[in-house]
Amino acid sequence: MLRRALAVTVAVATVVTGLLVGWAPSSGASPRAPVSDPAGAVVVIGTGGIGWADVSRTTTPNLWTLLRDGSSAALSVRSVSSNTCPADGWLGLSSGGRAAAPRPGDAADPADRPCTEPPQVVDDRVQGWSTFVGASEGERFDTSLGLLGQTAAEADVCVRSVGPWAPVGGARSDGSVDQVAPFDAARLLEDLNACPVTVVDVGSLRDPEDVAEGEPRPSARADQLRQIDARIGQALEAGPNGADYVVASLSDAGTSERLRLVVMRGPHFGPGLLSSESTRQDGLAQTADLTATILATVGLPVPAGLGGSPLTNVPSPDNSERRAEARLTALVDLDEASHEVHGLVEPFFTAFAYGQLAIYLLVLLVWKGRLGSESTRVTVLRRVRVVAVVASAVPVSTFLANLLPWWRFAVPMITVVASVALFVALIATAALRGPWARWHHGPMAFVSLTTVLVLTVDVMTGSRLQLSSLMGLQPVVAGRFYGMGNPTFALYATATILLATSVSSLLVAQGRRTAAAVAVAVIGSFAVLVDGLPFWGADGGGPPALVPAVVYLVMAVLGVRLTWKRAALIAAAVVAIFFAVAGADWLRAPSSRTHLGNFVQAIIDGTADDIVIRKAEQNWGILTSDMPLTLLVPVGLLFVIYLMARPTSWGSRAMRRSYEQAPTLRAGLVALLTALTIGFLVNDSGVAIPAVGATLAVPLIISVAISSLVDQERSTATTRAGRRQR
């Protein structure tokens, strides 16, 4: 038995490691590679507060023309705070990373403080630059202010800064600037043709209804928009022929965060969308991509570890008005979906969690209190089983809901709930009505398989369903744009382990332990590959959590006891797999690396401790937030560990009949607990992993337990009826 266990375990590790390491990363050019024949000049026209919903033929004719004739994308401008001031946006352009200027005021949340005014330039140096540098170092994002200007200076490429905030974007690492000029329409021709790189500030739109208290109230939004568009037109007309133009809205309009706009036109950017390796989403970019694009366009090296990648053109068949309208609709959809879902996540989770809790407590009261007749209790249990299966279908349905444009309606909360409910009804009906429904674990197996398949296909095809979903990726937050985010991994790992548990229980009940172990190994290995491979899940914290759980379940199925020595070997294998994946990713070109390869580079640079500390601070911040559910996560984990560690505890006794009907259920729950706990400990914002995993695991486990209780109640009723007849 031990030899079989070791053989299966070694096979899992060998297959996973072999495929991960054997993946040959390419450092060559991709089909949409950065330009290899730079035009020699780039003009960056920076603004702020403008989104694609503001663009139209009549109100912004210059932006409309750029949209029609150039390459466009929705731009995530997220910096350090939840909203981005003009200072933050220009510092982000300067550094290619996350940076923010200190804000005046004493509000607890920096997002509620007013934005600062542009700094003065005295003796060719930005005043207060050291303050910007100090604030950046305190945030532990390993951001190098002045990277754009410094890289240009080291290559003897001059940078001209035109307008109030432009010197911040074009400054060198010490705050010095090349050439500075105010924005003056009369001398734009001279200013915009002096250097290969020109950075122009045409002013930022500030929403009078949204600016923080203490910030001067600006003029009407429409008036600002017209003035900014006119300045953009002036800069386009005065700029050098043959240059590439970058027009980007680098900041928010006030305290509310939104996706903004970026559009590029020139020899390398014709009609179409913009794409970046950093987002892997056509039509979606982030501020750091602009820095990389500017450097690449004028033939300068893009430093390793930069937060973004050069933007490339995804061409459109033509520059017709119809095509431009279609692109505008798609870009507005990206912004609207991201904005609307961001505000719905917290109330959705709260209502979902507390609603389930109330229902399950009611059932516990009915069952433990022996309330009502036997037939009433059985009826209640059956209905709650249906409720549990319905609840388990909710997580995967939050992704499928993005197949429908719910954000376009007047009340997004109602339409997104309706969209989720539609898919919940379909999945729950199939789970409860299919031929597998007669099996105690049938609904659990079906919902878990559906979840695994949907998330697998989504990750393999670009993570479009995850983008702006209730349990997926939030572009406006700019934490991740593709692959497996923490909530997605939590659902994926939970569904994988529960599916493997269901399949192995069926096979073990038939006396086929080896086949059950192989099935667990195959299901688990597939999930680890999908989660960990850089071109799919690209998840650094997922495999270290999922691999030990899968290996433990394989050993448990074969009846092999987990000793401290074996646990240490598993831990060593997990570390080896993680660095194999990260190392393979690091071998790729810097612009093509994911955060796995960037972490290896951080180790080489000696800045990995900043990443670790920042992740720990994020977890602690979430745990100590005002949301009461977050503190329940570690408490709940400890409570479940206690129940699982004591087979005679009340919780284990309540599950005993389920364990008898599903021989590997208890081992599966231990494996699941292992994955969620490790995921909680090793990931930034890891507190979301057990919380989201529970939204799928708890209702499915309850459905299995209730199925056993229904059988028990039926058996008890039959026995009592027989006694009365005698």
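Which residues are linked in a network of salt bridges? Arg57, Arg68, Asp69, Glu321 and Glu325 are, where a salt bridge is a side-chain nitrogen of Lys or Arg within 4 Å of a carboxyl oxygen of Asp or Glu. The model is predicted, with local features needing pLDDT of at least 70 and side-chain atom pairs counting only at pLDDT 80 or more, while totals for chains, interfaces and linings use all residues. Residues are numbered from 1 along each chain as its sequence is written, and side-chain values use heavy atoms, with hydrogens and water left out.

Here is the overall picture. The chain has 24 helices and twelve strands; these are DSSP runs numbered from the N terminus, with helices being H or I of at least four residues and strands E of at least two. Of its 726 residues, 54% count as buried. Buried here stands for under 20% relative accessible area, exposed for over 50%, and partly exposed for what falls in between, using a 1.4 Å probe and protein chains only. About 29,500 Å² of the chain is exposed, and carbon and sulfur atoms supply 61% of that; the areas come from the Shrake-Rupley method with a 1.4 Å probe, and for residues only the protein chains shown count as cover. As for contacts (heavy atoms within 4.5 Å), take the ones between residues at least 6 apart in sequence: 73% of them join residues at least 24 apart.

Back to the salt bridges, of which the structure holds 18. One of them joins Arg206 to Glu215, with the closest N and O atoms 2.9 Å apart, and both of these residues are buried. Another brings together the side chains of Arg221 and Asp207, at 3.3 Å from N to O. Arg221 belongs to helix H8 (residues 221-238) and Asp207 to the loop between strand S7 (197-204) and H8, so this pair ties together parts that are 14 residues apart in sequence. Arg221 is partly exposed at 26% relative accessible area, whereas Asp207 is buried at 18%.

Arg408 and Asp333 also meet through their side chains in a salt bridge, at 2.5 Å from N to O. Because Arg408 sits in the loop between helix H12 (394-400) and helix H13 (412-433) and Asp333 in helix H10 (residues 321-368), the pair ties together parts that are 75 residues apart in sequence. Its two ends are covered quite unlike each other: Arg408 is exposed, with 54% relative accessible area, but Asp333 counts as buried at 14%.

The loop between H12 and H13 also holds Leu403, which counts as exposed at 53% relative accessibility. Leu403, Leu404, Leu422 and Leu426 make up a nonpolar patch on the surface, with about 370 Å² of accessible area together. Patches are built from residues with over 30% relative accessible area and no salt bridge, joining like charges within 9 Å and nonpolar side chains (Val, Leu, Ile, Met, Phe, Trp, Tyr) within 5 Å.

Next come the aromatic rings. Searching the whole structure turns up five aromatic pairs. Rings of Phe, Tyr and Trp (its six-membered ring) pair if their centres lie within 6.5 Å, and planes under 30 degrees apart count as stacked, over 60 as edge-to-face and the rest as tilted. In one pair, the ring centres of Trp129 and Phe132 are 6.2 Å apart and the planes are at 75 degrees, so this one is edge-to-face. Both residues lie in helix H4 (residues 129-138), three residues apart, or about one turn of the helix. Trp129 counts as buried at 5% relative accessibility, and so does Phe132 at 9%. The rings of Phe535 and Trp536 have centres 5.2 Å apart and planes at 80 degrees, so they are edge-to-face too. Here, though, Phe535 is partly exposed at 34%, and Trp536 is partly exposed at 25%.

Two more helices round things off. In helix H5 (residues 147-154), the buried residues are Leu147, Leu148, Gly149, Thr151 and Ala152. Their cover includes helix H3 (86-95), strand S5 (159-162), helix H6 (166-170) and helix H9 (287-297). After H5 comes Asp156, with a positive phi near 60 degrees. Helix H17 (residues 543-557) has 15 residues, and 13 of the 15 are buried, leaving the helix mostly covered. From first C-alpha to last, H17 reaches 21 Å, close to the 21 Å expected at 1.5 Å a residue; the expected span is 1.5 Å times one less than the number of residues. Gly559, which follows H17, has a positive phi near 80 degrees.
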